Amino acid sequence: MAGFLAELSPTALVLLLTPITLITYYILFAPRIEFSPKAPKQTSEQYPVVGALAYFSAKWDFYRRSSRESPSGNFSFYLGRNAVVGLSGEIGRDVFYNTREFGISQGQALNPRIPGPPELPGFLGKALSLDDEDFSPVFLRFLRSIFTTERFARDLPVLVHDAKEGLRTLATSSSTIINPFDALFKVIFQLTARELCCSDIADQTELLDKMIQLFLTAGTSYNPRIILFPPLIKWLSPAYWKQMSASIRMYMLVKGILDQRKRTGKRGTDPLQHLIDQGLGDATLIQMLLTALFAGIENSGKNAAWNLIYLSLNPTWKAKVLDEIKAAVAKYTTDRTAPFIEQLSSLPLEAWEREFPAIDMVLTETIRLQIQGVLFRKNVGGSDIKVGDEIIPNGAFVLYHNADVHLDPSIYPDPLKWDPSRHLPENPESKKKRKEFLGWGAGKHSCGGIRFAKFENNIAVVLFLATYDFELCDEQGRVLKNAPEYNVNSQSSSQPDSPAYIRIWPREEMGEGLHG
């Protein structure tokens with residue numbers, strides 16, 4: 001070893017020893033919260049220094065094993081120097097969702113990908129930090145200010161046009177095989193960019209494609225295990241720099257649009273203009289827009305694709321949705337001689353938001369099955385928090401896995417089965433299940449974008465079903481009878497491990513259905 005070090009150049013020696021020194025210092029001297037005897041039982045699946053590595057590879061399996069080990073169902077563990085308490089059961093769930101001292105944005109330090117892009121570097125300007133306790137309330141006020149009935153009604157025609165044009169180009173022949181996750185993602189991204197970011201990106205194909213590519217890079221180029229090491233170590237990670245580079249380029253793309261508006265005096269009617277009029281600094285303004293974009297797209301595109309996969313295998317619910325679409329058009333149309341798709345396009349906002357309860361149940365069931373992941377908080381209240389007879393130390397991270405309720409057979413019998421009838425109003429268990437459904441958050445931590453998420457899902461799914469009939473198949477077009485398996489250990493909604501495909505064909509070529 002001494003000979004090897006002697007042969008290294010001074011620069012190489014520094015590059016080698018710096019991370020080793022930082023990690024050693026971090027391990028030996030960095031402060032760590034110590035769990036008191038009143039904290040939940042520590043999981044047995046821990047290693048010295050690094051903590052519970054199984055958490056990274058299979059979150060739900062790790063959560064279940066650790067919960068079963070503990071008499072209360074709650075458990076404690078370390079991720080590097082980070083103290084974490086996992087909550088389970090009804091009491092734990094209530095504490096997780098209803099404790100004001102639990103910070104959402106601060107909790108994301110354990111999962112830098114969700115719900116937004118990584119923190120923008122300081123040289124781009126002083127922005128309100130995602131870790132700042134004021135960020136979440138400011139961000140939620142921003143969402144409430146743009147998610148208004150007046151704005152949705154004004155933007156509805158162009159949103160419908162965006163979706164129609166995006167879907168129209170999918171079929172290149174009388175029968176086309178597509179990957180629904182790729183196809184629906186771009187449609188959802190365009191709708192979300194228009195309503196949560198700026199219209200310039202939605203209007204210009206080149207900007208839209210560039211932003212999508214940067215979004216995908218920023219959202220997937222990260223290594224969650226980096227939290228095990230000192231903060232400075234991330235600077236040595238290629239994945240970090242790839243992610244940061246994509247985030248900076250996203251920032252500069254939006255900054256270019258912002259500067260052009262300021263320079264030319266051009267005004268828009270989008271969230272970008274709204275924040276300009278609020279007088280926010282450029283860095284905070286762009287951080288808000290990018291965070292909204294990430295939060296709005298993270299699951300919506302995948303959920304819409306899973307909706308189509310499940311509907312392709314369930315003719316009963318597919319027929320229910322089609323009947324709803326026909327009924328809505330019959331109720332609101334003013335020109336029965338127009339092509340059906342044009343009659344559908346003229347539906348008012350109230351129809352898009354109120355006339356599709358079957359689609360809402362389809363989405364709810366898809367979310368129940370597909371959005372299985374760990375949710376994070378951090379105790380920032382300045383004191384320990386009680387959960388039953390145990391405590392969550394001040395400064396500790398807190399997690400809850402929503403599969404704890406969504407895959408609980410006592411609440412959802414046969415929980416791995418996709419069955420929207422669970423959510424029918426006449427179902428005697430429906431009211432109870434609505435209280436147990438966590439797809440839109442709960443308590444003091446509800447999703448601020450639920451209205452728009454349902455609205456854009458309705459637009460995408462309704463227009464897809466009005467345009468195409470479809471069936472699940474493999475890449476060669478062979479019909480499949482079972483949905484692809486999904487990974488219950490994934491974080492948030494995800495594509496199946498193996499690519500999924502559907503064969504689509506325009507409905508008018510069938511001489512039936514909505515165009516008949």
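These legends describe close-up views of one predicted protein model.

Residues are numbered from 1 along each chain as its sequence is written, and side-chain values use heavy atoms, with hydrogens and water left out. In this predicted model, local features need pLDDT of at least 70 and side-chain atom pairs count only at pLDDT 80 or more, while totals for chains, interfaces and linings use all residues.

**View 1. The whole chain holds 22 helices and 12 strands.** Helices (H or I, at least four residues) and strands (E, at least two) are DSSP runs, numbered from the N terminus. Of the 516 residues in the protein chain, 54% are buried. Buried means under 20% relative accessible area, exposed over 50%, and partly exposed in between (1.4 Å probe, protein chains only). A contact means heavy atoms within 4.5 Å. Among contacts with a separation of 6 or more, 78% join residues 24 or more positions apart. The protein chain exposes about 23200 Å². Carbon and sulfur atoms supply 55% of that area. Accessible areas come from the Shrake-Rupley method with a 1.4 Å probe; for residues, only the protein chains shown count as cover.

**View 2. C198 and C197 are shown at their sulfur atoms.** A disulfide is a pair of cysteine sulfur atoms within 2.5 Å. By this rule, the count is zero. Why does C198 form no bond with C197? The sulfur of C197 is the closest cysteine sulfur to that of C198, but at 4.3 Å it is too far for a bond. C198 is buried, with a relative accessible area of 0%. Elsewhere in the sequence, C473 is also buried, at 1%.

**View 3. Ring pairs link Y55, F56, W60, F62, Y63, F75 and F77 into a cluster.** Rings of Phe, Tyr and Trp (its six-membered ring) pair if their centres lie within 6.5 Å. Planes under 30 degrees apart count as stacked, over 60 as edge-to-face and the rest as tilted. The whole structure has 27 aromatic pairs. In the pair of Y55 and F56, the ring centres are 5.3 Å apart and the planes stand at 75 degrees, so this pair is edge-to-face. Y55 is buried, with a relative accessible area of 2%. F56 is buried too, at 9%. The F62 and F75 rings have centres 6.1 Å apart and planes at 90 degrees, so they also pair edge-to-face. F62 lies in helix α4 (residues 59-69) and F75 in strand β1 (residues 75-79), so their pair ties together parts 13 residues apart in sequence. F62 is buried at 2% relative accessible area. F75 is buried at 0%.

**View 4. Charged side chains lie over the rings of W317 and Y412.** A charge sits over a ring if NZ of Lys or CZ of Arg is within 6 Å of the ring centre and within 35 degrees of the ring normal. The charged end of K320 is 5.3 Å from the ring centre of W317. R368 lies over the face of Y412, 4.9 Å from the ring centre.

**View 5. S199 is found in helix α10 (residues 199-203).** Is S199 buried or exposed? S199 is buried, with a relative accessible area of 19%. Leaving out residues up to four places away in sequence, S199 touches R194, R261 and D270.

**View 6. Helix α12 runs over residues 238-264.** The expected span of a helix is 1.5 Å times one less than its number of residues. For the 27 residues of α12 that gives 39 Å, and the end C-alpha atoms are 39 Å apart, which agrees. G265 follows α12, with a positive phi near 80 degrees.

**View 7. A83 sits in strand β2 (residues 82-87).** A83 is buried, with a relative accessible area of 3%. Which residues does A83 contact, leaving aside neighbours within four places in sequence? They are I33, F35, F77, Y78, A396 and F397. A83 and K378 are 295 residues apart in sequence, but their C-alpha atoms are 10.0 Å apart in space.

**View 8. V49 and D414 have positive phi values.** Most residues other than glycine have a negative phi. Phi of V49 is near 75 degrees. V49 lies in the loop between α2 (10-29) and α3 (54-57). V49 is partly exposed, with a relative accessible area of 41%. Phi of D414 is near 50 degrees. D414 lies in the loop between α20 (403-406) and α21 (430-436).
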